[in-house]
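User: Could you take a close look at the surroundings of the ligand for me? I would like the cut-offs spelled out as you go.

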Amino acid sequence: MVAAVGRPGSRDVLVAERLSKRFVGVRALTEVDLAVRGGEVLALMGENGAGKSTLLRIINGDYRPDEGSLRLDGAETRHSSPAAAHRAGIRVIAQEPEIIPDVDVTENVYAGALPQRGRIYSRGAAREKCRDDLERLGLTGLLEPGTLGRRLSPAQRQLVEIMRGLVGDVRVVAFDEPTSSLSDHEVDILFGLIRRLRDEGVAVIYVSHRMKEIFQIADRIAVLRDGRLVGVRQAGETDEDELVRMMVGRELQAMTRPERVAGEVVLAVSGVTSADVRDVSFEVRRGEVVALAGLVGAGRSELVKAVVGDLPLLAGTVSMNGRRLRLRSPRDAIRAGIGFAPEERKAEALILERSVRENVSLAVLDRMRRFRFVQRGREQRVVNGFLQSLRIKTPSAEQQVRKLSGGNQQKVVLARWLAREPDLLILDEPTRGVDVGAKAEIYAVINELAADGTAILIVSSELPEVIALADRILVMREGRLAGELGAGPSEEEILRLAMKHDEQIDRENES
Ligand SMILES: Nc1ncnc2c1ncn2[C@@H]1O[C@H](COP(=O)(O)OP(=O)(O)OP(=O)(O)O)[C@@H](O)[C@H]1O
């Protein structure tokens, strides 16, 4: 592949002029002027609800702007639908991909555009093409053409979505937080792909909350705040502090992990084995934050699911406060005093049609019910408290959760479990898609809960997050515990354990 377009000074491919978009009670975008050049990666940053997704949706033809215009290669475009935008060479890679559960990877990728042999669709030929494309994109080994949609992990779903986007002629590709379910290895592969697209002259837009990635991949960085463009910087001429100031409009306090003394054992997991998890034992104590780290596919989420009764135990026991539990579903786990915020927030955690207030208070309704009436005043106070402390951006507590930005939905999931004050809180990727300011607030809430004696188990792919929060870090590899680290290790120490080979672990277990 050739670098068809010289990098700096390339021509503008996509130009937004004075774009504005309003929803009831919200100005999502106000007079945004922004140009993306061929052969560059333009990062788009901003707090949750700043308007990033709205801008991408306009580019993708999902929304029409109320005012302003969009030009592609110099000509004004009014994409009336995502299909029209797609034909023009625009691809927006969705944050939460829609995967058809009952068809395989091949059909999920090429849906509608399947290769045919003669005039009959040939499954063999299609899978062959899929295999070729996987190889071309460097994804061999991460995805199998024949795997059914419903068997894909969140990371694999994301890769299917990315493959979909790169089929055909592409002028502009926008990635909306593509790495939130990927671990470092997959991120490297994705960045390789993005650099290749860029070198071929494609205009790449990259939305992310992860600073480190922004500085790895972006040529320029645009910052939105409350729907307005605050500024655009060359990546080499700015730094994290300046970007945070632009996004948040204030300085952020650096967080230090408080010293904690762990109390008695709350959760005891012994010899737990399930389909993808082998013989795992560990404990979490009162007032302690324990993190499960490891690469995607290492079995962290599966382990957690086995612990809360969402996956059957093939062997082993789970005990809470000294009593053995027999959980057949997460519902049983909640009854036993376990709060569990799962990885896939939309499917598993939120009722999108209901209001923010209802979603937060759902988990604590029993405690607020008195003589069969919900104590409205108390409910309001609890919900408003979380709206403030987690900085949930919504016109009111009565807004439908569906209408919140992705990061704000994630905060509602958290608020719901934090409000319940369980003995044990299990958080799978608690800050996925959450902006830097709110992340700090969430860390503070987690620290407060631990100080109050809650036992906390966190699954996170973000090593800085694991290091910032955890008193102990359990590193998983291929369904087993590969080792344990104390507070404050380096990223390298965690990675070394996460990538160790099985034989090595066996040898160490034996000695
Ligand atoms: N369909 C809708 N109806 C009402 N309000 C909406 C709708 N879509 C977005 N909004 C509001 O517009 C604002 C901008 O949202 P947007 O999704 O663009 O934010 P974002 O920058 O992508 O945030 P995040 O980082 O959380 O994904 C938010 O206040 C959001 O609640």
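Analyst: Happy to help; here is a walk through the ligand shell, then the domains around it, and then two residues with notable backbone angles.

A word on the source: this is a predicted model, in which local features need pLDDT of at least 70 and side-chain atom pairs count only at pLDDT 80 or more, while totals for chains, interfaces and linings use all residues. Residues are numbered from 1 along each chain as its sequence is written.

The ligand is surrounded by 19 residues, and the closest are F23, N48, S53, S405 and G407. A residue is near a molecule here if its C-beta atom, placed from the backbone, lies within 6 Å of it. At least two residues of this shell come from each of β2 (26-37), α1 (52-59) and α15 (406-420). Helices (H or I, at least four residues) and strands (E, at least two) are DSSP runs, numbered from the N terminus. Sorted by class, the shell holds five nonpolar, 10 polar and four charged residues. In this scheme Ala, Val, Leu, Ile, Met, Phe, Trp, Tyr, Cys and Pro count as nonpolar, Asp, Glu, Lys and Arg as charged, and the others, Gly among them, as polar.

Now for the domains. The assignment lists domain 1 (12-99 + 154-248), domain 2 (100-151) and domain 3 (265-510), with bounds that come from an automatic or database domain assignment. The ligand lies between domain 1 and domain 3, because both give residues to its shell.

How far apart are the C-alpha centres of domain 1 and domain 3? They lie 30 Å apart. The contact between them takes 20 residues from domain 1 and 19 residues from domain 3, where two residues are in contact if their C-beta atoms, placed from the backbone, lie within 7 Å. On the side of domain 1 that touches domain 3, α5 (154-166), α6 (184-199) and α8 (240-248) each supply at least two residues. Of these, α8 gives the most, with three residues. That side of domain 1 divides into seven nonpolar, nine polar and four charged residues.

Finally, the backbone. E31, in strand β2, has a positive phi of about 45° although it is not a glycine. E31 counts as partly exposed because it has 15 C-beta neighbours inside 10 Å; the cut-offs are 20 or more other C-beta atoms within 10 Å for buried, 12 or fewer for exposed, and partly exposed in between, with C-beta atoms placed from the backbone. E478, also not a glycine, has a positive phi of about 50° and lies in the loop between β23 (472-477) and β24 (480-485). With 18 other C-beta atoms within 10 Å, E478 is partly exposed.
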